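Reader: I am new to this structure and would like a close look at one part of it, the place where the ligand sits. Please start there and then go on to whatever else helps me find my way.

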Amino acid sequence: MVTGAGSGIGEQTAARLASEGAQVILVGRTVSKLERAAQQINDGLSEPAAVIFQADVTKEEEVQGLADFIEQKSGDLHILVNNAGTSGNSSILNMEESEWDRIQNTNLKSVYLVSKALGRLMINSKEQDEGEVNRSIVNVASLSGHKAGAKIPHYSSSKAAVINFTKSLALEFAPYGIRVNSVSPGFAETPLTEEGLKNKRFEEAIQRNTALGRVGRPEEIAKVITFAASDEASYMTGSDLLVDGGWMIT
Ligand code: NAI
């Protein structure tokens, strides 16, 4: 299951997981975006690999609806990717409380709500598992969770919290054999960054600050999320994988 799967990194992650053989549930608020993403995955397949579920992941009752939907289907969730997120632009002094809450709720509270509701399902399934069955959670954090960023204090603090929350969840879920990791993308070209990238000077500044000299592609982040989610990463939990084209080393 991937949240925020109607666009960008979430859409590419759902596609990548499906290409590796997963049945995926694409979760988001906008049905038209989810349908388009699911159709891309299902095109040409004899059996559809993707289904959609509409939910606002900041709302506990909608997240519970999602858990009920999965339980009715089979209850057997192997991989959860908490990817939904949003950003904004404001200094601390000029920020309205509502803007602070919007960012924290979307980026951090949603990870808690979804991990709690679906983590329960994963634990229940784990108890029925025979032998080693890969079950894991990947939270999408950010390079910004590792450093301060101008005019994004709400965003960077929410992502720093996601990295730390991931470690607590990893500790709590380790006895059940469920791994939990985060992936921190650098700057990738998605609807979230589209506006900023229209500014050539901004794009050039990113290229200058990135060792690889370019903005990332969402599928390059999706590959690493898929790795962390898979049993290829069977001895990795509580870790954060930075996928930033070398921004942190410049
Ligand atoms: P995006 O805007 O294409 O994707 C975010 C998705 O989350 C959208 O489809 C949006 O509708 C959905 N979403 C937002 N609030 C939601 C809610 N309350 N309930 C359900 N769905 C919701 O942007 P992108 O870049 O693909 O972002 C994905 C994740 O990657 C986010 O967590 C973002 O913070 C993170 N990220 C992105 C970077 C980038 O450069 N694109 C860099 C670092 C982190």
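Author: What follows begins with the ligand and its surroundings, then turns to the open and closed spaces in the protein, and ends with a few single residues.

The model is predicted. Around the ligand there are 28 residues, and those that come nearest are S7, N83, Y155, A188 and T190. T190 also makes a polar contact through its side chain, where an N or O atom is 2.6 Å from an oxygen atom of the ligand. Two lysines do likewise. In the side chain of K159, an N or O atom is 2.9 Å from a ligand oxygen. For K33, the distance from an N or O atom of the side chain to an oxygen atom of the ligand is 3.3 Å.

How much of the ligand does the protein cover? On its own the ligand has 820 Å² of accessible area, and the protein covers 95% of that. Two elements give two or more residues each to the surrounding shell, namely helix 1, residues 8–19, and helix 5, residues 153–173. By class, the shell has twelve nonpolar residues, twelve polar ones and four charged ones.

The next item is an open space, the second largest pocket. The space in this pocket comes to about 560 Å³. Its lining consists of 23 residues, and A22, Q23, V24, H78 and I79 are the ones nearest the pocket centre. Three elements supply at least two lining residues each: strand 2 (24–28), strand 3 (50–54) and helix 3 (60–73). Sorted by class, the lining of the second largest pocket holds twelve nonpolar, seven polar and four charged residues.

There is also closed space to consider. How many cavities of 30 Å³ or more does a search of the whole structure find? The search finds one. The largest cavity holds about 40 Å³ of space. Its lining is made up of T3, V57, N82, N83, A84, N107, S110, V111 and V140. N83 is thus in the cavity lining, and N83 is also among the residues that come nearest the ligand. Helix 4 gives three residues to this lining, the most of any element. Of the lining residues, four are nonpolar and five are polar, while none is charged.

Helix 4 spans residues 97–128, and R102 has its place there. R102 counts as partly exposed because its relative accessibility is 35%, and the range for that class lies between 20% and 50%. From R102 to F187 there are 85 residues in sequence, and their C-alpha atoms are 21 Å apart in space.

A residue with no exposure comes next. N181 is in strand 6, which covers residues 179–185. Its relative accessibility is 0%, so N181 counts as buried. The side chain of N181 has polar contacts with the backbone at two places. A polar atom of this side chain lies 2.9 Å from the backbone oxygen of M236. A polar atom of the N181 side chain also lies 2.9 Å from the backbone nitrogen of S239.

L197 belongs to helix 6, residues 194–197. L197 counts as buried because its relative accessibility is 11%, and the cut-off for buried is under 20%. L197 and N105 lie 92 residues apart in sequence, with 25 Å between their C-alpha atoms.

Last comes the loop between strand 5 (136–140) and helix 5, where K151 is found. A150 lies in this loop as well. Helix 5 is one of the elements that give two or more residues to the shell around the ligand. Are A150 and K151 buried, partly exposed or exposed? A150 has a relative accessibility of 72%, so A150 counts as exposed. K151, at 46%, counts as partly exposed because the class of exposed residues begins over 50%. The backbone of K151 has a phi near 65°, a positive value in a residue other than glycine. A150 and I92 are 58 residues apart in sequence, and in space their C-alpha atoms are 10.0 Å apart.

Key: Residues numbered from 1 in each chain as written. Predicted model: local features only at pLDDT ≥ 70, side-chain atom pairs only at ≥ 80, totals over all residues. Heavy atoms only, no water. Near = heavy atom within 4 Å. Polar contact = N/O pair within 3.5 Å; in protein donor to acceptor, adjacent residues only side chain to side chain. Areas by Shrake-Rupley, 256 points an atom, 1.4 Å probe, with all protein chains shown as cover. Helix = DSSP H or I, 4+ residues; strand = E, 2+ residues; numbered from the N terminus. Nonpolar A, V, L, I, M, F, W, Y, C, P; charged D, E, K, R; others polar. 1 Å grid on protein atoms, 1.4 Å probe; cavity = no way out; pocket = protein on both sides within 12 Å on 5 of 7 lines; lining within 4 Å. Points joined across faces, edges and corners; volume = space filled by probe spheres on them. Buried < 20%, exposed > 50% of the residue type's maximum accessible area, 1.4 Å probe, protein only.
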